[in-house]
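Grab the viewer and let's work through a few exercises together. Try each task yourself before you read its solution.

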Amino acid sequence: MKTLITNGTIVNADATTTGDVLVDGESIALIGTDLGASVSADTTIDAGGKWVIPGAIDVHTHMELPFGGTFAKDTFESGTRAAAFGGTTTIIDFAVQPRGQSLRDGLDAWHAKADGNATIDYGFHMIISDVRDDVLAEMDTLVDEGVTTFKLFTAYPGVFFSDDGAIFRAMQQTARNGGLIMMHAENGLAIDVVAGQTFDEGHTDPYYHGVSRSPVLEGEATNRVIRLAQTAGAAVYIVHLSAREALDEVRQAREEGLPAYAETCPQYLFLTLDDMKNGFEGAKFICSPPLRPADHAPELWKGLVHDDLQVVSTDHCPFDFHGQKEMGRGDFRKVPNGLPGVENRVDLMHDGGVVGGHLTPNRWVEIISTAPARLFGLPRKGAVAVGVDADLVVYDPNRRHTISAQTHHMDVDYSCYEGREVTGGSDVVLSRGKVIVDGDEWLGAKGDGRFLKRERSEYLR
Ligand SMILES: [Zn+2]
């Protein structure tokens with residue numbers, strides 16, 4: 001099966017060119033001009049006036065995550081289909097080690113959720129809930145199995161929280177085995193004190209989730225984990241960085257030459273703490289770290305421009321407003337934490353980043369696809385290049401559309417961006433050579449997504 005994509009503007013992280021892309025089977029066979037004259041293809045896709053970009057990679061999703069007595073609503077089937085409609089052709093989801101059990105137990109459970117269900121390729125990070133000697137030894141095995149990244153938390157005491165000693169030991173282990181530690185950096189112990197006091201004062205609305213989690217406590221935890229990593233001789237990647245205080249710490253570390261990396265998420269660029277007002281409606285916007293006051297986002301954009309932030313991921317973790325978020329009516333601490341977003345990232349970043357004048361088209365591709373591929377050990381992804389997987393998006397940079405829960409494909413009953421008009425949309429999406437999205441039409445199939453055995457991060461070599 002050969003597919004020829006003609007007349008597109010090929011946008012890679014490092015260059016923009018004009019030409020045709022020949023897909024043969026699952027990979028890109030040839031890139032050149034006027035290929036139609038010399039090769040015969042089974043299908044031709046006219047990309048005139050459009051961009052051809054590498055399929056986007058979302059390195060932070062939580063399909064079917066158990067949280068606060070319920071589960072994130074998207075399955076690997078519904079969540080990856082929604083991702084594909086939004087131009088994302090690879091996700092890396094977080095397998096969770098259940099406390100007291102092995103990493104293997106958690107990883108097996110995630111394989112069972114994804115295998116036969118995912119519609120696009122996927123990898124796993126491993127959440128370590130419980131650092132023990134046997135768990136440290138298991139980390140080496142997982143790195144060799146292609147699960148090369150591990151997430152720990154300074155937040156959520158009693159659930160995912162690890163103390164500094166545990167974090168330090170895990171960092172020492174990755175310094176030896178070539179893995180990478182990802183950190184949720186907020187001071188959860190102090191935050192829980194503030195949240196408890198806030199609730200006891202009679203403040204129960206979702207807005208107080210936001211004000212209880214000070215950006216200073218994100219900056220403090222970010223600095224702490226960076227310094228732990230420095231001492232352990234390890235690299236560190238800060239997930240969902242939301243606050244200026246945290247960015248300052250990452251920038252400082254990078255200026256010192258330390259291998260510190262970080263991602264932010266669209267919600268921290270496009271939404272603010274004020275979205276959490278409006279009574280219980282604010283529950284739609286409860287995530288951790290929380291949305292920040294409006295003066296933080298401009299700093300995050302600068303961080304993306306200067307490469308102090310290398311990646312934008314979604315932290316996609318959808319809970320219905322009705323029935324799930326509502327579990328926290330009367331107590332903001334009981335609202336499940338997480339927002340839907342896997343479908344919206346590419347377009348939001350195009351609209352706010354490229355149309356908004358912060359990013360070149362190349363930098364946009366780098367942030368949503370190429371840097372995630374390199375940082376997370378996916379050499380066959382993240383570029384329009386001969387020999388790599390034909391994960392491709394024909395992207396219309398001029399199409400205007402409106403984000404809405406009425407039309408999105410995520411299995412969740414609201415959108416954080418309801419009514420927002422954006423410029424730019426994915427027209428045709430290919431996953432390893434197969435067209436899975438054509439306009440509004442779904443042509444993908446459950447089970448077509450493959451587990452990606454990832455290599456060690458290229459940034460660490
Ligand atoms: Zn997350």
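Here come some notes on the model, then three exercises.

This is a predicted model, where local features need pLDDT of at least 70, side-chain atom pairs count only at pLDDT 80 or more, and totals for chains, interfaces and linings use all residues. Residues are numbered from 1 along each chain as its sequence is written, and side-chain values use heavy atoms, with hydrogens and water left out.

**Exercise 1.** Find the protein donors of the zinc ion.

Step 1: Look for donors, meaning N, O and S atoms within 2.8 Å of the metal (3.2 Å for Na, K and Ca); water is not among the atoms, so sites may look incomplete.
Step 2: You should land on His60 (NE2), His62 (NE2) and Asp315 (OD), 2.0 to 2.2 Å from the zinc ion.
Step 3: Written along the sequence, their spacing is H-x1-H-x252-D.

**Exercise 2.** Work out whether histidine 62 is buried or exposed.

Step 1: Buried is under 20% relative accessible area, exposed is over 50%, and partly exposed is in between (1.4 Å probe, protein chains only).
Step 2: Histidine 62 has 4% relative accessibility, so it's buried.
Step 3: Aspartate 315, at 9%, counts as buried too.

**Exercise 3.** Examine the salt bridge between arginine 169 and aspartate 133.

Step 1: Apply the rule: a side-chain nitrogen of Lys or Arg within 4 Å of a carboxyl oxygen of Asp or Glu.
Step 2: The closest N and O atoms of arginine 169 and aspartate 133 are 2.4 Å apart.
Step 3: Check exposure: arginine 169 is partly exposed at 33%, while aspartate 133 is exposed at 56%.
Step 4: Count them by this rule and you get 39 salt bridges.
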